[in-house]
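Q: Please explain, term by term, how the structural labels for this protein are justified.

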Amino acid sequence: MQRHLITSAIPYINGIKHLGNLIGSQLPADLYARFQRARGNEVLFLCATDEHGTPAELAAAKAGKPVAEYCAEMHAVQARIADGFGLSFDHFGRSSSPQNHTLTQHFAGRLADAGLISEVSEKQVYSNADGRYLPDRYIEGTCPNCAYDKARGDQCENCTKQLDPTDLIEPRSAISGSTDLEVRETKHLYLRQSALKDDLDAWIDSKKDWPVLTTSIAKKWLHDGDGLQDRGITRDLDWGIPVRRGDADWPGMEGKVFYVWFDAPIEYIACAGEWADAQDGANWERWWRTDKGADDVRYTQFMGKDNVPFHTLSFPATILGSGEPWKMVDHLKSFNYLNYDGGQFSTSQGRGIFMDQALELLPADYWRWWLLSNCPETSDSEFTWELFQQGVNKDLADVLGNFVSRVTKFCRSKFGEAVPSGGSYGPREDALIADLDARVARYMAMMEAMEVRKSAQELRAIWAAGNEYLQAAAPWSTIKEDTDTAAMQIRLGLNLIGLYAVLSSPFIPGASKQMADALGMADIPWPSDIRIAVEAIDAGHEFSVPENLFAKISDEDRAGWEARFAGIRS
RNA sequence: GGCGCGGUAGCUCAGUUGGUUAGAGCGAUCGACUCAUAAUCGAUAGGUCGGGAGUUCAAGUCUCCCCCACGCCA
């Protein structure tokens with residue numbers, strides 16, 4: 001039995017994610033986790049909310065709530081929606097957990113002991129009215145170059161000139177609008193990633209099977225310009241993990257917190273601790289420590305392309321630098337973006353379809369199937385309502401759903417609601433079994449390789465094979481002169497439904513369960529031999545005719561949704 | 001402006017280390033069937049593989065130049 005540690009990039013806390021976010025990491029990660037579990041492998045699938053940083057504070061302020069309370073509420077909302085989409089996390093944690101506080105401080109301490117942390121003095125703008133330091137993008141003013149009056153502290157959007165906050169004319173806080181600002185000298189910690197550059201480079205070079213998208217991004221950061229830059233890992237904020245050196249105070253760092261990008265990936269590890277504590281003390285180190293049983297673990301990360309640098313460089317630098325035997329990622333699967341109707345999905349602009357809205361329209365399986373079968377793997381891909389309607393109607397309703405209908409309804413009308421007996425498989429059935437054998441092998445190879453679109457394509461072909469068989473066997477004709485043969489043909493059809501239920505479960509868990517339930521089969525094992533699998537349900541076994549598994553999306557629905565989601569979310 | 005990823009049938013996309021008549025699904029057209037959610041099955045049509053030059057016995061697949069779209073950065 002293999003052991004798979006699987007993590008999805010952790011979604012930020014400030015709001016409900018859109019479908020682009022979903023297909024960019026959580027959904028393919030879930031597909032892989034479900035596949036590995038179905039095959040009988042041991043899986044620990046972890047995800048969490050990323051809760052620290054200025055955007056969380058601002059979102060909380062906008063909602064009129066203390067930030068801790070806001071995060072707790074939004075975490076519950078995201079957890080509920082994730083559940084609605086069937087995302088099968090073993091634990092959905094929080095980067096603000098006590099476990100992550102301890103672990104983040106631990107890593108910082110180890111890195112400092114290893115000489116990989118440097119202290120740097122910086123000048124930052126402090127807002128007296130807001131009672132806090134303002135990062136560059138939270139300072140606005142008039143551009144000295146073009147007189148644009150909404151230039152940000154780091155750059156003028158109008159003339160693209162780079163700026164320092166002190167360059168701005170009449171600078172003001174973007175949060176409160178206050179002009180009561182002053183420049184203060186403040187000390188910060190930097191992670192000396194540059195010292196680990198060669199180690200990281202060698203590590204990346206050892207990953208021959210990673211997608212080009214992944215390695216090319218990592219290589220660019222390693223070698224571009226002056227090479228990998230050191231990175232500030234602390235901030236002058238209230239909300240976050242207090243800067244401590246292990247369990248000791250860190251002189252000079254009082255009142256500061258770690259930067260969100262330092263503590264967020266550490267949550268992958270801390271989340272296992274949260275999981276263990278929720279399981280009444282399960283052993284989490286056997287998943288994460290190679291000296292404590294994680295040697296045979298295969299660790300796979302899923303993420304959008306924008307997250308690649310942090311997962312290939314910053315986080316590995318943290319782990320390597322600690323000098324401790326933590327599990328490093330084995331395979332890193334990254335995704336491009338899903339676009340919405342000619343533009344981008346946008347959380348800040350409310351453009352596109354958000355996860356909660358999607359579930360109001362249709363069950364999760366519809367979205368899961370379409371998104372996964374159109375997954376943006378090699379390049380950005382496009383969501384349009386027309387493509388969505390076509391894909392769902394054809395693949396789910398016509399090919400799979402209708403197959404289940406025609407088999408079960410034909411059997412009910414001719415033989416009753418029990419698997420009919422009589423006849424035995426002949427050449428046509430042997431040919432189907434041989435075909436399915438090859439297709440299932442390809443399907444599994446594609447799933448193992450995390451080739452999401454190709455897996456979906458093969459699964460669809462497996463569904464279609466059932467219709468092809470039925471069309472050729474034509475039990476509705478056979479039954480006129482040979483009842484036994486017709487019974488055998490429809491018995492095979494019913495067995496195919498069972499096979500489809502288990503094979504499809506990583507993609508469409510809901511419909512898979514409906515199929516299994518209709519057959520009265522609680523637990524169908526993953527097929528190791530197709531011939532055995534299609535003889536699993538014996539004559540006499542009772543079944544029921546399920547409601548149509550998938551309703552078609554009408555042109556009226558599509559037009560209505562298209563109009564409803566054309567604007568921005570209010 | 002620099003860098004990155006792409007530009008393959010009407011649409012969405014596959015095309016390993018260069019090698020027989022460039023593939024799939026959808027859509028279209030025609031036919032078959034009638035058990036089924038007017039579903040299914042079969043067949044056909046459709047591409048000078050963004051443009052140009054080069055290397056090679058042979059290039060969608062390598063090299064160079066150019067054009068276009070998108071993204072990142074300064």
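A: Two strands pair if DSSP finds at least two bridges between them; strands (E, at least two residues) and helices (H or I, at least four) are DSSP runs, numbered from the N terminus. This is a predicted model, in which local features need pLDDT of at least 70 and side-chain atom pairs count only at pLDDT 80 or more, while totals for chains, interfaces and linings use all residues. Residues are numbered from 1 along each chain as its sequence is written, and side-chain values use heavy atoms, with hydrogens and water left out.

Q: What makes strand 1 and strand 13 a pair?
A: Strand 1 (residues 3-8) is joined to strand 13 (residues 297-304) by 6 bridges, and the two run parallel. The requirement is at least two bridges, and with 6 the strands pair. Within this pairing, Arg3 stands opposite Val297.

Q: How do you know that strand 1 also pairs with strand 2?
A: Strand 2 (residues 42-49) is joined to strand 1 by 5 bridges, again in parallel. Here Arg3 stands opposite Glu42.

Q: Why is the crossover from strand 1 to strand 2 called right-handed?
A: The chain passes from strand 1 through helix 1 to strand 2, a β-α-β crossover that is right-handed. The term applies because, with the strands pointing away from the viewer, the path from the first strand over the helix to the second runs clockwise.

Q: What makes strand 1 mostly covered?
A: Buried means under 20% relative accessible area, exposed over 50%, and partly exposed in between (1.4 Å probe, protein chains only). Of the 6 residues in strand 1, 6 are buried. Arg3, Leu5 and Thr7 point one way, His4, Ile6 and Ser8 the other, and all are buried. In a regular strand the side chains alternate between the two faces of the sheet.

Q: Why is the contact between Arg34 and Asp30 called a salt bridge?
A: The term requires a side-chain nitrogen of Lys or Arg within 4 Å of a carboxyl oxygen of Asp or Glu. For Arg34 and Asp30 the N to O value is 2.9 Å, so the pair qualifies. The two residues are 4 apart in helix 1, and therefore separated by about one helical turn. Asp30, at a relative accessible area of 0%, is buried.

Q: What makes Glu51 and Arg94 a link between distant parts of the chain?
A: Their side chains meet in a salt bridge (2.8 Å, N to O). Glu51 lies in the loop between strand 2 and helix 2 (54-63) and Arg94 in strand 3 (residues 91-94), 43 residues apart. Glu51 has a relative accessible area of 0% and is buried, whereas Arg94, at 22%, counts as partly exposed.

Q: How do you know that Lys65 and Glu73 form a salt bridge?
A: Their closest N and O atoms are 2.6 Å apart. Lys65 is partly exposed at 31%, and Glu73 is partly exposed at 34%. Elsewhere, salt bridges that share partners join Arg3, Glu42, Arg286 and Asp296 into one network. The structure holds 30 salt bridges.

Q: How do you know which class is most numerous in the lining of the second largest pocket?
A: Ala, Val, Leu, Ile, Met, Phe, Trp, Tyr, Cys and Pro count as nonpolar, Asp, Glu, Lys and Arg as charged, and the others, Gly among them, as polar. By these classes the lining has 11 nonpolar, 2 polar and 5 charged residues, so the nonpolar class is the most numerous.

Technical notes:
Chains are lettered from A and ligands numbered from 1 in the order in which they are written.
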